[in-house]
Amino acid sequence: MSIFPDYFAPLHLSLVGKALGKGLLELGVHDLRQWTHDRHNTVDDTPYGGGAGMVMKPEPWGECFDALLDGLEEPPVLVVPTPSGIPFSQPIAYELSEKSHLLFACGRYEGIDRRVMEHAATRMEVRELSLGDYVLNGGEVATLAMVEAVVRLIPGVIGNPESLTEESHSDGQDQLLEYPVYTKPPSWRGLDVPEVLFSGHHARIAEWRREQAVELTRLRRPDLLPE
Ligand SMILES: NC(=S)c1ccno1
C-alpha cells in the first residue's frame with residue numbers, strides 16, 4: 001500500500017519477477033489514494049500538537065485494510081517500514097518468508113497516524129521494522145529491500161538453496177559475514193586468487209573461508225562475533 005505504486009515496478013524483474021511468473025508468490029500493489037473520497041484524493045493533514053510537515057490520515061488506511069482483508073482465510077502480517085522500528089534482520093526475513101500473506105504499509109510525510117497501527121493490531125500482527133538508522137522519504141524503498149530479502153528465502157525462488165546457507169548472516173555461517181569469493185582469471189591486474197582455493201583440499205578451503213569470515217566480522221561487525 002503506497003501513494004507511489006510505480007515504485008514497485010522493479011519487483012517484476014529478476015528473481016522476484018521469475019518467482020511471480022512461476023506462481024511461487026503473488027504480488028498486489030495498492031494505491032492508497034484509491035480509498036480517498038475528496039476531489040484531491042487527500043491522504044495527509046497537519047499534525048495535532050503542531051510541528052513541521054504533514055501526517056498521513058487514518059481513514060484511507062482503515063478502508064484499505066477493510067478491502068484487502070476482506071475474504072482472507074487468515075489475517076496477514078502488516079509490515080510497516082519506519083526508522084523507529086525494530087531492526088530488520090535475516091532471522092526476521094526468514095520468519096516473514098514463512099507467513100502466508102504480508103501487507104506492507106509505506107508511510108510518507110512525517111509518518112502515519114499512530115491509530116492506524118493501533119487499529120491494525122486489533123485485526124492482524126503488526127511489525128514495525130527498520131532497515132537501518134537513517135531516514136528515507138518513505139517506506140517504498142525499504143519495502144522493496146524487505147520484499148527481496150524475504151522472497152529469495154521462499155523455497156524454489158533461488159535455484160541453488162545451498163547458496164543461502166553460506167551467505168552473510170546465515171545460520172550456515174553462524175551469522176558471520178561472508179568470506180571473500182573469487183573466480184577466473186587466476187591473476188587480474190597483479191592481484192592473485194589465494195593459493196588455497198586451487199588446492200582442491202576441501203577441508204583446508206573450508207578452514208580458510210571460516211578464518212576469513214571471522215576476520216572480516218571482527219573488523220567490520222564485532223557485534224556479530226559469538227560471545
Ligand atoms: N529506515 C527506514 S526502514 C525508513 C523508512 C522510512 N524512512 O526510513
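These exercises work through a predicted model of one protein chain with a ligand.

**Exercise 1. Lay out the chain**

Task: State which domains the assignment gives and how many Å separate their centres.

Solution.
- Step 1. Take the bounds. Domain 1 covers 5-152, and domain 2 covers 161-224.
- Step 2. Take the centres over C-alpha atoms. They are 35 Å apart.
- Step 3. Turn to the record. An unreviewed UniProt entry places "domain: tRNA methyltransferase TRMD/TRM10-type" at residues 1-226.
- Step 4. Describe that stretch. Residues 1-226 are 31% helix and 12% strand. The end C-alpha atoms are 39 Å apart.

**Exercise 2. Check helix H5**

Task: Find how the span of H5 compares with the expected value, and decide whether H5 is mostly covered or mostly open.

Solution.
- Step 1. Count residues. H5 runs over residues 140-151 and has twelve.
- Step 2. Compare spans. From first to last C-alpha H5 reaches 16 Å, close to the 16 Å expected at 1.5 Å a residue.
- Step 3. Apply the cut-off for buried, under 20% relative accessible area. Nine of the twelve residues in H5 pass, so the helix is mostly covered.
- Step 4. Name some. The buried set includes Ala-142, Leu-144, Met-146 and Val-150.
- Step 5. Find the partners. The buried residues of H5 pack against helices H1 (14-21) and H3 (90-97). They also pack against strands S3 (77-87), S4 (102-104) and S5 (125-130).

**Exercise 3. Map the ligand surroundings**

Task: List residues around the ligand, then find which backbone atoms lie 3.2 Å, 3.0 Å and 2.9 Å from a ligand nitrogen.

Solution.
- Step 1. Collect the surroundings. Among them are Pro-81, Thr-82 and Pro-83, then Leu-129, Ser-130, Leu-131 and Gly-132. Tyr-134, Val-135, Leu-136, Gly-138 and Ala-142 are also there.
- Step 2. Link back to H5. Ala-142 is around the ligand and is also a buried residue of H5.
- Step 3. Read the backbone distances. A backbone N or O atom of Gly-132 is 3.2 Å from a ligand nitrogen. For a polar backbone atom of Tyr-134 the distance is 3.0 Å. For a backbone N or O atom of Leu-136 it is 2.9 Å.
- Step 4. Compare with the record. The unreviewed UniProt entry lists Gly-107, Leu-131, Gly-132, Asp-133, Tyr-134, Val-135 and Leu-136 under "binding site".

**Exercise 4. Follow the chain from Ser-130 to Gly-132**

Task: Decide for Ser-130, Leu-131 and Gly-132 whether each is buried or partly exposed.

Solution.
- Step 1. Place Ser-130. It sits in strand S5. Its relative accessible area is 6%, so Ser-130 is buried.
- Step 2. List its contacts beyond four places in sequence. They include Thr-82, Pro-83, Phe-88 and Met-146.
- Step 3. Look at the Ser-130 side chain. One of its polar atoms is 2.9 Å from the backbone oxygen of Gly-132.
- Step 4. Place Leu-131. It lies in the loop between S5 and H5. Its relative accessibility is 31%, so Leu-131 counts as partly exposed.
- Step 5. List the Leu-131 contacts beyond four places in sequence. They are Phe-88, Ala-142, Ala-145 and Met-146.
- Step 6. Place Gly-132. It is in the loop between S5 and H5. Its relative accessible area is 17%, so Gly-132 is buried.

**Exercise 5. Pack Trp-35 and helix H2**

Task: Identify what Trp-35 contacts and what the buried residues of H2 pack against.

Solution.
- Step 1. Locate Trp-35. It is in the loop between H1 and strand S1 (44-45). At 11% relative accessible area, Trp-35 is buried.
- Step 2. Read its contacts beyond four places in sequence. These are His-30, Pro-60, Glu-63, Cys-64, Ala-67 and Leu-68.
- Step 3. Bring in H2, residues 58-69. Its end C-alpha atoms are 16 Å apart, which agrees with the 16 Å that twelve residues should span.
- Step 4. Cross-check. Pro-60, Cys-64 and Leu-68 are among the buried residues of H2, and Trp-35 contacts them.
- Step 5. Find the packing partners. The buried residues of H2 pack against strand S2 (55-56), S3, S4 and helix H4 (114-120).

**Exercise 6. Inspect the backbone angles**

Task: Find which peptide bond is cis and where phi is positive in Asn-41 and Arg-189.

Solution.
- Step 1. Recall the background. Most residues other than glycine have a negative phi, and most peptide bonds are trans.
- Step 2. Find the cis bond. It joins Lys-184 and Pro-185, with omega about 5°. Pro-185 is in the loop between helix H6 (162-165) and strand S6 (187-188).
- Step 3. Take Asn-41. Its phi is about 50°. It lies in the loop between H1 and S1, and at 30% relative accessibility it counts as partly exposed.
- Step 4. Take Arg-189. Its phi is near 50°. It lies in the loop between S6 and strand S7 (191-192), and at 74% it counts as exposed.

Conventions: Residues numbered from 1 in each chain as written. Predicted model: local features only at pLDDT ≥ 70, side-chain atom pairs only at ≥ 80, totals over all residues. Heavy atoms only, no water. Domains from an automatic or database assignment. Helix = DSSP H or I, 4+ residues; strand = E, 2+ residues; numbered from the N terminus. Expected span 1.5 Å × (residues − 1). Buried < 20%, exposed > 50% of the residue type's maximum accessible area, 1.4 Å probe, protein only. Contact = heavy atoms within 4.5 Å. UniProt positions renumbered as here; feature names shortened; annotations may be inferred. Near = heavy atom within 4 Å. Polar contact = N/O pair within 3.5 Å; in protein donor to acceptor, adjacent residues only side chain to side chain.
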